[in-house]
Amino acid sequence: SINLGLVNLLPIPMLDGGHLMFFIIEAIIGKPLPLAWQNNLMRGGMAFLLSLMLFITIYDIIRGIYN
């Protein structure tokens, strides 16, 4: 449970840490990032997380076959 909470705070845009990163950027520059930027960063974060899940799943399957 604590591990999930800490991972959720990573500054990846789809996670809560990514939202905190947007708030920090907004505090620094004084205005929010344009919605187009936020959408693109969110899509990139989602692509990263899905790629990571796919890589880990394939790695687990391969490890299960050869062990």
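These legends describe close-up views of one chain in a predicted model.

**View 1. The whole chain is built from helices, with three helices and zero strands.**
Read from the N terminus, the elements run α-α-α. The C-alpha atoms fill a box of roughly 55 × 30 × 15 Å along the principal axes. How does the radius of gyration compare with that of a compact globule of 67 residues? Such a globule would come near 11 Å, but this chain has 16 Å.

**View 2. The surface and interior of the chain.**
Buried residues make up 15% of the 67 residues. The chain exposes about 5,500 Å². Carbon and sulfur atoms supply 72% of that area. Among contacts with a separation of 6 or more, 31% link residues 24 or more positions apart.

**View 3. Helix α3 covers residues 35-66.**
What span should its 32 residues have? At 1.5 Å a residue, the expected span is 46 Å. The C-alpha atoms at the two ends of α3 are 46 Å apart, so the model agrees with the expectation.

**View 4. The buried side of α3.**
Which residues of α3 are buried here? Met 42, Gly 45 and Leu 49 are. The buried residues of α3 pack against α2, which covers residues 16-29. An α-helix has 3.6 residues a turn, so residues three or four places apart point the same way.

**View 5. Gln 38 and its contacts.**
Gln 38 lies in helix α3. Set aside its neighbours within four places in sequence. Gln 38 is then in contact with Phe 22, Pro 32 and Leu 33. Pro 13 is 25 residues away from Gln 38 along the chain. Even so, the C-alpha atoms of Gln 38 and Pro 13 are separated by 8.4 Å.

**View 6. An aromatic pair in α3, formed by Phe 55 and Tyr 59.**
A pair of aromatic rings is described by the distance of the centres and the angle of the planes. The count for this model comes to one aromatic pair. Phe 55 and Tyr 59 form that pair, with ring centres 6.4 Å apart and 20 degrees between the planes. The pair counts as stacked because its angle falls under 30 degrees. Both residues lie in helix α3, four residues apart, which is about one turn of the helix.

**View 7. The accessibility of the two aromatic residues.**
Are Phe 55 and Tyr 59 buried or exposed? Phe 55 has a relative accessible area of 56%, so it is exposed, since the cut-off is over 50%. Tyr 59 has 47%, so Tyr 59 counts as partly exposed.

Note on methods
Residues are numbered from 1 along each chain as its sequence is written. This is a predicted model: local features need pLDDT of at least 70, side-chain atom pairs count only at pLDDT 80 or more; totals for chains, interfaces and linings use all residues. Side-chain values use heavy atoms; hydrogens and water are left out. The expected span of a helix is 1.5 Å times one less than its number of residues. Buried means under 20% relative accessible area, exposed over 50%, partly exposed in between (1.4 Å probe, protein chains only). Contact means heavy atoms within 4.5 Å. The radius of gyration is taken over C-alpha atoms; the globule rule is 2.2 Å times the number of residues to the power 0.38. Accessible areas come from the Shrake-Rupley method with a 1.4 Å probe; for residues, only the protein chains shown count as cover. Rings of Phe, Tyr and Trp (its six-membered ring) pair if their centres lie within 6.5 Å; planes under 30 degrees apart count as stacked, over 60 as edge-to-face and the rest as tilted.
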